[in-house]
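Thank you all for coming; I would like to walk you slowly through one model this morning. Please have a look at it first, and then we will go through it together.

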Number of protein chains: 2
Amino acid sequence: MGVTINDIAKAAKVAPSTVSRVLANNPRISQETREKIQKIMKEMNYHPNMIARSLANKSTKIVGLVVPGTTEKAFQHPFIPEIIRGIISVAHKNGYKLLISSAADAKEEKKLISDLANGGIIDGVILMTSRLNDPAISGLIKAKFPFAVVGRPANDDSVNWVDNNNYAVAYDLTKHFIDRGHKKIAFLGVSSQVIVTLDRFDGYKKALQDNGIPFDDKLVVEGKFIDDTGYDLMKQLMDRSASPTGIIACDDFLAFGAIKLLTEAGLKVPDDIAVAGFNNTPLSDHFIPPLTSVEVNAYALGKNAFELLLADITSDNKSFSRSIVPAELIIRNSTDKNI
Amino acid sequence: MGVTINDIAKAAKVAPSTVSRVLANNPRISQETREKIQKIMKEMNYHPNMIARSLANKSTKIVGLVVPGTTEKAFQHPFIPEIIRGIISVAHKNGYKLLISSAADAKEEKKLISDLANGGIIDGVILMTSRLNDPAISGLIKAKFPFAVVGRPANDDSVNWVDNNNYAVAYDLTKHFIDRGHKKIAFLGVSSQVIVTLDRFDGYKKALQDNGIPFDDKLVVEGKFIDDTGYDLMKQLMDRSASPTGIIACDDFLAFGAIKLLTEAGLKVPDDIAVAGFNNTPLSDHFIPPLTSVEVNAYALGKNAFELLLADITSDNKSFSRSIVPAELIIRNSTDKNI
DNA sequence: CTGAAAGCGCTTACAG
DNA sequence: CTGAAAGCGCTTACAG
């Protein structure tokens, strides 16, 4: 159905290879024939077949993006679209398109990624998961396929990755609670599999230690990061009668859920208990009370991730880079009555 | 570098075509050879090259998604990710992947779409723009390339499209204002190029007419839909000294901006002036005051758009369908003091 | 049930 | 500067 390079070649009375060279902007073609061929391409409404091109070229100018869990859930959190926004902005500038897919669990994800990587359909891939011992990551390393990870991976020396300074900012956030006189500070949503939560947890513990506050694991509630509702995690905490005066949640949505339960229990934020989250969701600023949070600059995370990936795709000699995007503490009324 | 069908064929001492038939699950292959070949594929860690497959097959199992304006801007509004979420959920179930790209203006968009459609890289495309006289749409129709549009297009009989019942819900929203005693109801953000705003505008006018309220074009402010800030549009309105008592904005973000200006001008919502928006942004429920809005069910819009597209891709005989997703009026405090 | 061959629409050394 | 030919890794009628 479509017009091919051969049709153009016949119409222009040249060889297909000549037409191909015009497409590739090969400088060895004379201006005259180049113009003749281009004119005919216009007239016949020719569009190069990217698939055929890719097969011969070994490059599609498409990068894959694998979102964690089902895409359905992932997109419910503004964090993911915001990262994608950052990725697309640079990708578009560099002539790359984005192929989005998702996988429900780690096994499906590994298969998906290895199919993508080996299937020739993408030139590189950006992962948004970084679980401990991620099988997808080790597979990509072995295959020497270009990739970058949003979120520090376990084997962080042999991977391109971007992340916030989670340890430091969690330290600062905890210090902020301590400065306000809190001694019983709970930590909600740490997950042994999700490195970003572990980094934050470490920063939290270090801040406690540096300020002579004993660590109490009754104040720690594990969760599946974004999936869990903060309401349930908070309930678990209450049932332990640990009576915290401050709550640090690993995500704003967890914090919202926690506040809901606290309100139902008759506690006022920030008067009776202070609460903070992470990711500075658009809602946080408008929530009642406005929620103290951490701006992670997801846009920059995405942007930098693509840039690392692009460097990996285009350079011949492998080297691994990391990019740390500074997170900012945003103090609001939920942890500070005077704001 | 990669293992190919020929490598497998040699190792299994069969013809490449036999290997191919195993891949395609062709039933005419004996159980014995099938198993032998599958075993070897596993051992040699074979992954079919999707590009080569697509070239021979004329199908990639990828659908394109073109987001309006720069993707960067589009993703700032939760509406777009929510549509994508709907698209991906069904796409994933049907084994399709999503290729996202964007174009800054109509010209770039037309080129992009025609490249995608003719480049063999996608099996179909979903458009999220529906401008009046959209050149991309007419191009796709001419090329007989499968596509679906989110938002009613101009030539709505020869296109697969999904949309809300914008006319009806705008009518209801306007009636809601009228029932509350408003007679001077402004309309913010109608754009002569964007059909969805025109449909809403028509519903608004019809409600006025049915209730004996004269239409006053001093109360209408044009805007570029989502791009414009409501603050500026509201300023234009104020400068005309039209003194409305109610404001209908074509999008919640326009409404937020408008309320900002009103507040600065010393007017209270809803006491002095009532304001409503569209799209029921997550913020709307938490805004102060909570904003009356219209839930457009973006997830369902995306889901249905993909389903229409899939039907178009898989069926041989062309037919055109539409899908109307009911929008719901969500009355909140910004238009009703008693809520 | 399996194989040999042509083809999908390009690219790219190799010649000239 | 241009062409003939082989190749990218598959699929699929056509034979047998």
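What is the order of the strands in the open sheet of 12 strands? With mixed pairing, the order is β11(A)-β5(A)-β4(A)-β3(A)-β1(A)-β2(A)-β2(B)-β1(B)-β3(B)-β4(B)-β5(B)-β11(B). The edges are β11 (322-325) of chain A and β11 (322-325) of chain B, each of which pairs on one side only. On average, neighbouring strands here are turned by 20° against each other, direction ignored; axes are lines fitted to C-alpha atoms, for helices over the stretch in contact, and angles run from 0 to 180 degrees between N-to-C directions.

Before going further, I should say that this is a predicted model, in which local features need pLDDT of at least 70 and side-chain atom pairs count only at pLDDT 80 or more, while totals for chains, interfaces and linings use all residues. Residues are numbered from 1 along each chain as its sequence is written, and chains are lettered from A and ligands numbered from 1 in the order in which they are written.

As for terms, helices (H or I, at least four residues) and strands (E, at least two) are DSSP runs numbered from the N terminus, and two strands pair if DSSP finds at least two bridges between them.

Let us turn to the place where the chains join. Strand β2 (residues 97-102) of chain A runs antiparallel to β2 (residues 97-102) of chain B, and three bridges join them. Ile100(A) has Leu98(B) as its bridge partner, and Leu98(A) stands opposite Ile100(B).

The contact between the chains (C-beta atoms, placed from the backbone, within 7 Å) takes 37 residues from chain A and 37 residues from chain B. On the side of chain B, the elements giving two or more residues include β2, α6 (79-93) and α7 (106-118).

Now to the DNA. Around strand C there are 26 residues (near meaning a C-beta atom, placed from the backbone, within 6 Å), and the closest are Ile5(A), Ser17(A), Ser20(A), Ala56(A) and Ser17(B). Helices α2 (16-23) and α4 (50-57) of chain A, together with α2 (16-23) and α4 (50-57) of chain B, each supply at least two residues of that surface.

DNA strand D also has 26 residues around it, and Ser17(A), Ile5(B), Ser17(B), Ser20(B) and Ala56(B) come nearest. Here too, α2 and α4 of chain A and α2 and α4 of chain B give two or more residues.

Note on methods: Contact = placed C-beta atoms within 7 Å.
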